[in-house]
Amino acid sequence: GPGHIDHFTAIISPPQLAILSVGSILKRPLVVNDELAARPSATFTLGVDHRAIDGRAAAGFLEALKTALEQET
């Protein structure tokens, strides 16, 4: 079968200001309600041009994305 890319960092190409990299969704061990459980999980990496986008705003975007995705399950 195809290989899995757990995580990667994409490179911003001008005139882009940000780019989101998404790794494979794989079952990984996670703590859920103080117990170890296998759950689908993916790594998201956001590359931003800090001349145009504040790091705090970028982190806020990732937090909002995480919250929205977790509500879907």
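**Entry 1, the nonpolar patch.** I began at the surface, where Leu20, Val22, Phe44, Phe61 and Leu69 make a nonpolar patch of about 390 Å². I then looked up which elements give two or more residues to the nonpolar patch, and found strand S1 (18–22) and helix H1 (55–71). I note here that I am working from a predicted model.

**Entry 2, phenylalanine 61.** From the patch I picked out Phe61, one of its residues, and placed phenylalanine 61 in helix H1. Its relative accessible area came out at 42%, so I entered phenylalanine 61 as partly exposed, a class that lies between the cut-offs of 20% and 50%.

**Entry 3, leucine 26.** I turned next to strand S2, in which leucine 26 lies. Leucine 26 has a relative accessible area of 22% and is therefore written down as partly exposed, since buried would require a value under 20%. Not counting residues up to four places away in sequence, I found that leucine 26 touches His4, Asp6, Arg39, Pro40 and Ser41. For histidine 4, which is 22 residues apart from leucine 26 along the chain, I also looked up the separation of the C-alpha atoms, and it is 8.6 Å.

**Entry 4, arginine 28.** Is arginine 28, in strand S2 (residues 26–32), buried or exposed? I found a relative accessible area of 19%, so arginine 28 counts as buried, the cut-off for that class being under 20%. Leaving aside neighbours within four places in sequence, I listed Asp6, Ala37, Ala38, Arg39, Ser41 and Ala42 as the contacts of arginine 28. Going back to my list for leucine 26, I see that Asp6, Arg39 and Ser41 are among the residues entered there.

Conventions: Residues are numbered from 1 along each chain as its sequence is written. This is a predicted model: local features need pLDDT of at least 70, side-chain atom pairs count only at pLDDT 80 or more; totals for chains, interfaces and linings use all residues. Side-chain values use heavy atoms; hydrogens and water are left out. Buried means under 20% relative accessible area, exposed over 50%, partly exposed in between (1.4 Å probe, protein chains only). Contact means heavy atoms within 4.5 Å. Patches are made of residues with over 30% relative accessible area and no salt bridge: like charges are joined within 9 Å, nonpolar side chains (Val, Leu, Ile, Met, Phe, Trp, Tyr) within 5 Å. Accessible areas come from the Shrake-Rupley method with a 1.4 Å probe; for residues, only the protein chains shown count as cover. A salt bridge is a side-chain nitrogen of Lys or Arg within 4 Å of a carboxyl oxygen of Asp or Glu.
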